[in-house]
Amino acid sequence: MTTETIDAAASGTFVLGDLPVHRIGFGAMRLTGDAAFHLGTPSDRERSIAVLRRAVDLGVNHIDTAAFYFSSLRSANELINTALAPYPDDLVIATKVGPFRDYHGEWGSSARPDQLRGHVEENLRQLGRDHLDLVYFRRQQQDSIAEHFGALAELREAGLIRHLGVSGVQPRHLAEALETAPVVSVQNRYAIDRPDPVDDEVLRICGERGIAFVPFYAVAGEAGPRRAGTAHDDEVLAVARAHGVSPTQIRVAWTLHQGPHVLAIPGTGNPDHLAENVAAGALRLTREELDRLDALHTTAG
């Protein structure tokens, strides 16, 4: 098989609640421009739509998005709706609520618990759906997430949401959420060159409980929303050369090797990068390569 023909199924499968997804998914953040939010140049709309359709053709059945993923001209949710509706039966669309951006693109204060229904309904309208497959509460410095997660649990009981997740959390926040309702997924920042003992512990707890761990900025690293990372450690470059692949593919492969419960959601607006990201799900790193890369994660920074 070539990079252009490797299917997302090569990455394996994990079940989010009762929804099976391939472990290589797609993050929609960069569909709207060459950097996230309002930080870069807006994307070409037809190209972004083509990337989404190509992702599904390559077997991607897990897309991560949010209503606050927009640039001056583009909305990720609108692009997803236009490109993929009516949606394939096996497609799982995950979204996040909590953060808020106004019409100028500026960040506002995080939503109160009583405002989360409005965030959910905004995603429903933009995506053209009558329910959301998976909704994360994205924590923004809240000391407790009990009230916010409880509000989402009520919307789950009302049928607007199928499954719940949490994002940007510490172990104690995950414990809080689990006391209220089932948590099928945790989405935290995590990358090979960004060591964080707290996130390592969250990853471990998720594995023990059968909860998906979905890192964001796993490819971008410290560059975060501003653009894909281009600086790669010598160890990453060496492993990439050994496999004849790009360093970005090694970062994705390392992410997936952190456990069978770990899902990758690399995002791009470039069809060539999309195919490379999906193909990374077929890479198998040796124990010696993993030890070298794991040591980088432990000592980076």
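Reader: Does Asp57 count as buried or exposed?
Author: Buried means under 20% relative accessible area, exposed over 50%, and partly exposed in between (1.4 Å probe, protein chains only). Asp57 has 57% relative accessibility. That value is over 50%, so Asp57 counts as exposed.

Reader: What kind of model is this?
Author: Residues are numbered from 1 along each chain as its sequence is written, and side-chain values use heavy atoms, with hydrogens and water left out. Local features need pLDDT of at least 70, side-chain atom pairs count only at pLDDT 80 or more, and totals for chains, interfaces and linings use all residues, for the model is predicted.

Reader: Which helix holds Asp57?
Author: Helices (H or I, at least four residues) and strands (E, at least two) are DSSP runs, numbered from the N terminus. Asp57 falls in the run of residues 45-57. That run is helix H1.

Reader: What distance separates the C-alpha atoms of Asp57 and Ala146?
Author: Along the chain, Asp57 and Ala146 are 89 residues apart. In space, their C-alpha atoms are separated by 39 Å.

Reader: What span does helix H4 reach from its first C-alpha to its last?
Author: Helix H4 covers residues 146-157, which is 12 residues. The expected span is 1.5 Å times one less than the number of residues. For H4 that gives 16 Å, and the model comes close to it. The helix reaches 16 Å.

Reader: Which residues of H4 are buried, and what covers them?
Author: The buried residues are His148, Phe149, Gly150, Ala151, Leu152, Ala153 and Leu155. Contact means heavy atoms within 4.5 Å. The cover includes strand S5 (92-97), helix H3 (116-127), strand S6 (132-138), strand S7 (161-167) and helix H5 (171-178).

Reader: Which residue just after H4 takes a positive phi?
Author: Look just past the end of H4. The phi there is about 95 degrees, and the residue is Gly159.

Reader: Which strands stand at the edges of the open sheet?
Author: Two strands pair if DSSP finds at least two bridges between them. Seven strands form the sheet in the order S3-S4-S5-S6-S7-S8-S9, with parallel pairing. An edge strand has a single partner, so one side of it is left without a neighbour in the sheet. The edge strands are S3 (26-27) and S9.

Reader: Which residue in S5 stands opposite His62?
Author: Strand S4 (residues 62-64) and S5 pair in the parallel sense over three bridges. Opposite His62 in S5 stands Val92.

Reader: How many aromatic pairs are there?
Author: Rings of Phe, Tyr and Trp (its six-membered ring) pair if their centres lie within 6.5 Å; planes under 30 degrees apart count as stacked, over 60 as edge-to-face and the rest as tilted. By this rule the count is five.

Reader: What type of pair do Tyr190 and Phe213 form?
Author: Tyr190 sits in the loop between strand S8 (185-187) and helix H6 (197-209), and Phe213 in strand S9 (residues 212-213), 23 residues apart. Tyr190 is buried at 5%, and Phe213 at 0%. The ring centres are 5.5 Å apart and the planes meet at 85 degrees, so the pair is edge-to-face.

Reader: Which aromatic residue stacks with Tyr190?
Author: The stacked pair has 6.0 Å centre to centre and 10 degrees between the planes. The partner lies in helix H8 (residues 247-256), so the pair ties together parts 64 residues apart in sequence. The partner is buried, at 1% relative accessible area. It is Trp254.

Reader: Which charged residue sits over the ring of Trp107?
Author: A charge sits over a ring if NZ of Lys or CZ of Arg is within 6 Å of the ring centre and within 35 degrees of the ring normal. Trp107 forms one aromatic cluster with Phe68 and Tyr69. The charged end found 5.5 Å from the Trp107 ring centre belongs to Arg101.

Reader: Which residue forms a salt bridge with Arg129?
Author: A salt bridge is a side-chain nitrogen of Lys or Arg within 4 Å of a carboxyl oxygen of Asp or Glu. Arg129 also lies over the face of Tyr87, at 5.0 Å from the ring centre. Its salt bridge spans 2.9 Å, N to O, and the partner is Asp133.

Reader: How many residues apart are Arg251 and Asp193?
Author: Their salt bridge has its closest N and O atoms 3.0 Å apart. Arg251 is buried at 3%, while Asp193 is partly exposed at 23%. Arg251 is in helix H8 and Asp193 in the loop between S8 and H6. Their separation along the chain is 58 residues.
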